[in-house]
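Student: Please take me through one small part of this structure up close, and then show me how the rest connects to it. I'd like one long answer that I can follow with the picture open.

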Amino acid sequence: MSVRTRFAPSPTGYLHVGGARTALFNYLFAKKHGGTFVLRVEDTDQERNTDAARAAIFEGMRWLGMEWDEGPEAGGEYGPYNQSERQEIYAQWFQKLVEKDRVYEEDGAWRFRFDRRLMVMRDLVCGEVAIDYCNEDNTPDMVVRRSDGTFTFHFVNVVDDIEMKITHVIRGEDHLMNTPKHLQLFEAFEETPPQYAHLPLILDMEGAKMSKRHAAAAVDSYAPRGYTSDAVFNFLALLGWSPKGEEEIFSPQDLIELFSLENVNRAPAKFDEEKCAWMNQQHLIKLSPEDFASVTQPYAEEAGITVDENYLAIATSIQEKVRILTEVPDLVSFFYNPDYPFVEEAMEKVKKNEAAKGLLEKLASALDTLSDWSEAKATIGTTAKENGAKPGQLMFPTRVALSGMAGGPDLGAILEILGKDECVRRIRRAVAAL
């Protein structure tokens, strides 16, 4: 049988990074084996389910590039894929338990009668796990049908996995102790269970479980904060899994080819947003100049910058500097603002260099008479030497004069983009400010 995995979120809130990581591992495993990735919505909690949460989950998965093969909006032969539409199916499977005398009524609810023995299961990540069901005090028979007629998570989960022919259940470690209960249901139904793989928890940098209140917990927060989907996909894939070798930057297709459950770690994963930002930078560096300009332009325009025909060159000049795309406006604004402010700390550093003002005056004159503008950057060093200074003594003041900032694009790129007249004007403006 071909591989079939599923992601089964409850639409009660946004797509959490923990849920996204679970979905991602299911997606990668299915794609690696040429199988099917199923989206199943556990929407039986009518009081907490919302259409907004449902939409956020779907949008988050699609933003990450995890399009499901079967499920809501995609269809498939094992639907419906919303649990709220499957009540008749559950009732039929419940009747099978009645006929086998595996359930009994208690205070209006129906409990599943456990087989009182040692349960031993083989988890693809955790290895062998044993739970003793001999003691009823520790493992009381579980409710499968509530007094109001609705069915519990454990029951519908198993029925759906049977009906949808799921071969592998890849889910969080917090479900590990539920698995023996599910295996007992599979046995009662005389059905072959899927193989289980339970993923390590995701902890924050302080070692606590990743809270829903954590600023980086929601997948839909990443695009507005300047992350690319491929970088977040890459980052989530390495939370609790690692390929062999030192490489950490992968495309989605790379990850599909490399993924294996054997390399899922047992230890909890640490969520390091600094690492995510670094990974985002590496993905941005790999883009072509045209693609980088395209992906950064909306962030510049949203900040009120009217880009022009120079934007490709401007974007290219900052490509290796950008970690997250929200940094772009601050890095490029000086190109478009003739009255750019001088960063106070940078200007104070220039003022401490007593020779800076005189050197900048000499540089402005030298650049003003330069016939070959391709020699502009070299002229900085030449001017410094001719006036008894080291090139470095003039490089920093020139950068601050041209951009107002202590860091940023290569000086050669700034000179080329701004052109002769504007560079001379900016340097003389800085001299006046000194």
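Tutor: Find Tyr104 and look across from it: the residue standing opposite is Arg111 in E4. Helix H3 (87–99) packs on the sheet here, touching E3, E4 and E7, and its direction makes about 95 degrees with that of E3. Keep in mind as we go that this is a predicted model.

Now widen the view a little. E3 and strand E4 (residues 109–112) pair in the antiparallel sense, over four bridges. They belong to an open sheet of three strands, in the order E3-E4-E7, with antiparallel pairing. Strand E3 (103–106) and strand E7 (142–145) are the edges, each pairing on one side only. Going from one strand to the next, the twist averages 45 degrees.

That's the sheet; next, the charged pairs. Side chains of opposite charge can pair when their charged atoms come close. In this model there are 24 salt bridges by the rule used here, a side-chain nitrogen of Lys or Arg within 4 Å of a carboxyl oxygen of Asp or Glu. Let's look at a few. Arg40 bridges to Asp160, with the closest N and O atoms 3.5 Å apart. Arg40 sits in the loop between strand E2 (36–39) and helix H2 (51–64), while Asp160 is in helix H4 (residues 153–163), so the bridge ties together parts 120 residues apart in sequence. Is this pair buried or exposed? Arg40 is buried, at 0% relative accessibility, and Asp160 is buried too, with a relative accessible area of 0%.

Compare that with Glu73 and Arg62, whose closest N and O atoms are 2.8 Å apart in their salt bridge. Glu73 belongs to the loop between H2 and H3, and Arg62 to helix H2, so this bridge joins parts 11 residues apart in sequence. Glu73 is exposed, with a relative accessible area of 62%, whereas Arg62 counts as partly exposed at 33%.

Further along the chain, Asp368 and Arg428 form a salt bridge at 3.6 Å, N to O. Here distant parts of the chain are linked: Asp368 is in helix H13 (residues 356–368) and Arg428 in helix H17 (residues 420–433), 60 residues apart. Both count as partly exposed: Asp368 at 34% relative accessibility, Arg428 at 41%. And back to our buried pair for a moment: shared partners join Arg40 and Asp160 with Arg6, Arg86 and Asp161 into one network of salt bridges.

Now for the inside. In soluble globular proteins, nonpolar side chains tend to be buried together. The largest nonpolar core in this model has 52 residues, and Leu28, Met61, Leu236 and Phe271 are the ones that touch the most other members. Helix H1 (17–32), E2, H2, strand E9 (195–199), helix H6 (229–237), helix H7 (252–258) and H8 each supply at least two residues of this core. H1 gives the most, with nine residues. Pick out Leu236: leaving aside residues up to four places away in sequence, it touches Val17, Ala20, Arg21, Leu24, Phe25 and Leu64. There is also a second, separate core of 44 residues, including Leu331, Val332, Phe334 and Cys423.

Buried residues can be polar as well: Gln281, found in helix H8 (residues 273–286), counts as buried at 13% relative accessibility. A polar atom of the Gln281 side chain lies 3.1 Å from the backbone oxygen of Glu320. Beyond its neighbours within four places in sequence, Gln281 contacts Glu320, Lys321, Val322 and Arg323.

Last stop, helix H16 (residues 411–418). Six of its eight residues are buried, so H16 is largely enclosed by the rest of the structure. The buried ones are Leu411, Ala413, Ile414, Leu415, Ile417 and Leu418. What covers them? The cover includes helix H10 (311–318), helix H11 (328–336), helix H14 (376–386), helix H15 (391–403) and H17. Check the ends as well: Asp410 caps the N-terminal end of H16, with a side-chain oxygen 2.8 Å from the backbone nitrogen of Gly412. Just after H16, Gly419 takes a positive phi of about 85 degrees.

Key:
Residues are numbered from 1 along each chain as its sequence is written. This is a predicted model: local features need pLDDT of at least 70, side-chain atom pairs count only at pLDDT 80 or more; totals for chains, interfaces and linings use all residues. Side-chain values use heavy atoms; hydrogens and water are left out. Buried means under 20% relative accessible area, exposed over 50%, partly exposed in between (1.4 Å probe, protein chains only). Two strands pair if DSSP finds at least two bridges between them. Axes are lines fitted to C-alpha atoms, for helices over the stretch in contact, and angles run from 0 to 180 degrees between N-to-C directions. Contact means heavy atoms within 4.5 Å. A polar contact is a pair of N or O atoms within 3.5 Å; within protein, one must be able to donate a hydrogen and the other to accept it, and residues adjacent in sequence count only if both atoms are side-chain atoms. A nonpolar core is a set of buried Ala, Val, Leu, Ile, Met, Phe, Trp, Tyr and Cys residues joined through side-chain atoms within 4.5 Å.
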